[in-house]
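Here is a short briefing to read alongside the structure. Take a moment to turn the model around, then follow the topics below.

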Amino acid sequence: MEAIRKQASKLREQVARQQQAVLKQFGGGYADSVFADEGEAQQHTKLEKLYISTRAAKHFQRDIVRGVEGYIVTGSKQVEIGNKLCEDGKKYGVENTCTSGSTLSRAALSFAKARSLIEKERGNLLKAFGTQVAEPLRAMVMGAPLEDARHLAQRYDRMRQEAEAQAIEVSKRQMKIRETSGNGDMISRLEAAESKLQELKSNMGTLGKEAVAAMTAVEGQQQRLTLQRLIALVESERSYHQRVLQILDQLEREMVSERQRIEGAPPPVIESSMPPPPAYEEVNGIFMRAPTVAELVETVEHFLAEAIQSYRAESETELNLSSGDYIVVRQVSNNGWAEGECRGKAGWFPYEFIEKRDRVLASKVSQVF
């Protein structure tokens with residue numbers, strides 16, 4: 001439709017140029033002065049500029065609407081993906097069965113909560129884009145004021161072409177009368193043509209003023225509304241990013257705090273599902289081994305071993321170990337326990353927590369006793 005209008009405008013310009021050429025060819029003094037009125041010429045020029053200005057603003061408004069609508073479509077898809085990610089995080093946080101702690105579960109729940117808030121803010125942003133930007137601009141692009149003003153301008157243009165054609169007709173009749181001395185009938189027709197021309201000029205002037213006023217009003221409304229909607233777009237997006245930044249800052253603080261808590265905590269002690277160690281009997285204040293039929297203890301030649309992981313004693317007959325400790329191993333049971341001495345204390349500990357060492361620095365041996 002727009003291409004057809006452009007083609008029609010070009011055709012009108014060509015016709016106008018041809019009519020001007022005809023006017024010059026006939027050289028009629030009356031015809032030469034038909035459009036010599038300075039006020040009418042200024043009005044015509046202003047109306048042309050207004051038509052171009054309002055058309056450009058209309059195209060810009062339409063481009064904004066299309067861009068915002070595309071942003072809403074892609075943003076809605078992002079909201080959908082974000083909400084799915086939120087559900088996954090919440091599900092892991094609730095159903096996690098990790099045996100080493102619930103740190104990741106808490107982080108997953110915090111992440112899910114923050115993501116839910118972010119997607120809610122994004123949804124509000126998309127809604128604002130639609131109601132505060134796209135809808136008002138679309139209404140103006142398709143609205144009656146702009147179309148009515150453009151129709152007035154087009155009517156003025158057609159009437160001006162008609163007046164130009166009538167001016168040519170008046171010039172022709174004037175030349176005929178000068179060449180033939182004229183008669184009553186020719187003079188009567190000339191007067192009728194001149195009267196029609198004056199009527200066209202009068203109507204054209206009135207219509208031109210109305211068209212200029214209407215187009216000026218529309219131009220001002222376009223400028224104001226478009227600027228307001230652009231400001232609303234910027235403010236909505238700025239507010240969205242500020243709120244999202246607050247949410248992310250809070251989430252980061254929670255996660256960093258949890259990470260610091262983990263890094264500052266002592267290394268976890270691996271609990272053993274082994275059977276209990278052999279028992280001791282206290283004789284004169286000294287714990288001695290009390291063998292039973294069910295528990296056979298192999299007395300081995302004493303050797304040095306290094307603890308490869310920590311062990312926390314669960315009874316007074318057991319021995320606390322820290323990774324890196326050196327132990328004098330004196331006995332090894334057939335159910336996975338070993339008995340020895342470390343740092344002046346004796347007791348039982350899981351055999352798998354130590355490794356035998358053939359060579360040990362003297363400084364390390366001194367730590368055993």
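**Overall layout**

Along the sequence, the protein runs α-α-α-α-α-α-β-β-β-β-β-β-β-α. That comes to seven helices and seven strands in total. Please keep in mind that this is a predicted model.

**Burial, contacts and surface**

- Of the 369 residues in the protein, 34% are buried.
- Among contacts with a separation of 6 or more, 71% join residues 24 or more positions apart.
- The protein exposes about 22900 Å², and carbon and sulfur atoms supply 53% of that area.

**Nonpolar cores**

- The largest nonpolar core has 23 residues, and Leu47 and Met215 have the most contacts inside it.
- Three elements each give two or more residues to this core: α3 (38–95), α5 (144–180) and α6 (184–264).
- Met215 is a good place to start looking: leaving aside residues up to four places away in sequence, Met215 touches Leu47, Leu50, Tyr51, Thr54, Ala149 and Arg150.
- Another core, of 17 residues, lies apart from the largest one, and its members include Ile118, Val133, Ile247 and Leu251.

**Cysteines**

- The structure holds zero disulfides.
- Cys86 counts as buried, because its relative accessibility of 5% falls under the 20% cut-off.
- Cys342 is likewise buried, at 4% relative accessibility.

**Salt bridges between helices α3 and α4**

- There are 15 salt bridges in the structure, and one of them joins the side chains of Glu69 and Arg138, with N to O at 2.4 Å.
- This pair links distant parts of the chain, since Glu69 belongs to helix α3 and Arg138 to helix α4 (residues 103–141), 69 residues apart.
- Are these two partners buried or partly exposed? Glu69 is partly exposed at 32% relative accessibility, and Arg138 is partly exposed at 33%.

**A salt bridge within helix α4**

- Glu119 and Arg122 form a salt bridge whose closest N and O atoms are 3.0 Å apart.
- Both residues lie in helix α4, three residues apart, which is about one turn of the helix.
- Glu119 is buried, with a relative accessible area of 3%, and Arg122 also counts as buried, at 15% relative accessibility.

**Strands β4 and β5**

- Arg330 forms a salt bridge with Glu341, the closest N and O atoms being 3.6 Å apart.
- Arg330 is in strand β4 and Glu341 is in strand β5 (residues 337–342), so their salt bridge ties together parts that are 11 residues apart in sequence.
- Arg330 counts as partly exposed, because its relative accessibility of 23% lies between the 20% and 50% cut-offs.
- Back in the helical part of the model, salt bridges with shared partners join Arg115, Glu119 and Arg122 into one network.

**A closer look at Gln331**

- Where is Gln331 placed? Gln331 sits in strand β4 (residues 326–333).
- Gln331 is buried, with a relative accessible area of 14%.
- From C-alpha to C-alpha, Gln331 and Phe303 are 9.7 Å apart in space, with their positions 28 residues apart in sequence counted as the separation.

How values were computed: Residues are numbered from 1 along each chain as its sequence is written. This is a predicted model: local features need pLDDT of at least 70, side-chain atom pairs count only at pLDDT 80 or more; totals for chains, interfaces and linings use all residues. Side-chain values use heavy atoms; hydrogens and water are left out. A nonpolar core is a set of buried Ala, Val, Leu, Ile, Met, Phe, Trp, Tyr and Cys residues joined through side-chain atoms within 4.5 Å. Buried means under 20% relative accessible area, exposed over 50%, partly exposed in between (1.4 Å probe, protein chains only). Helices (H or I, at least four residues) and strands (E, at least two) are DSSP runs, numbered from the N terminus. Contact means heavy atoms within 4.5 Å. A disulfide is a pair of cysteine sulfur atoms within 2.5 Å. Accessible areas come from the Shrake-Rupley method with a 1.4 Å probe; for residues, only the protein chains shown count as cover. A salt bridge is a side-chain nitrogen of Lys or Arg within 4 Å of a carboxyl oxygen of Asp or Glu.
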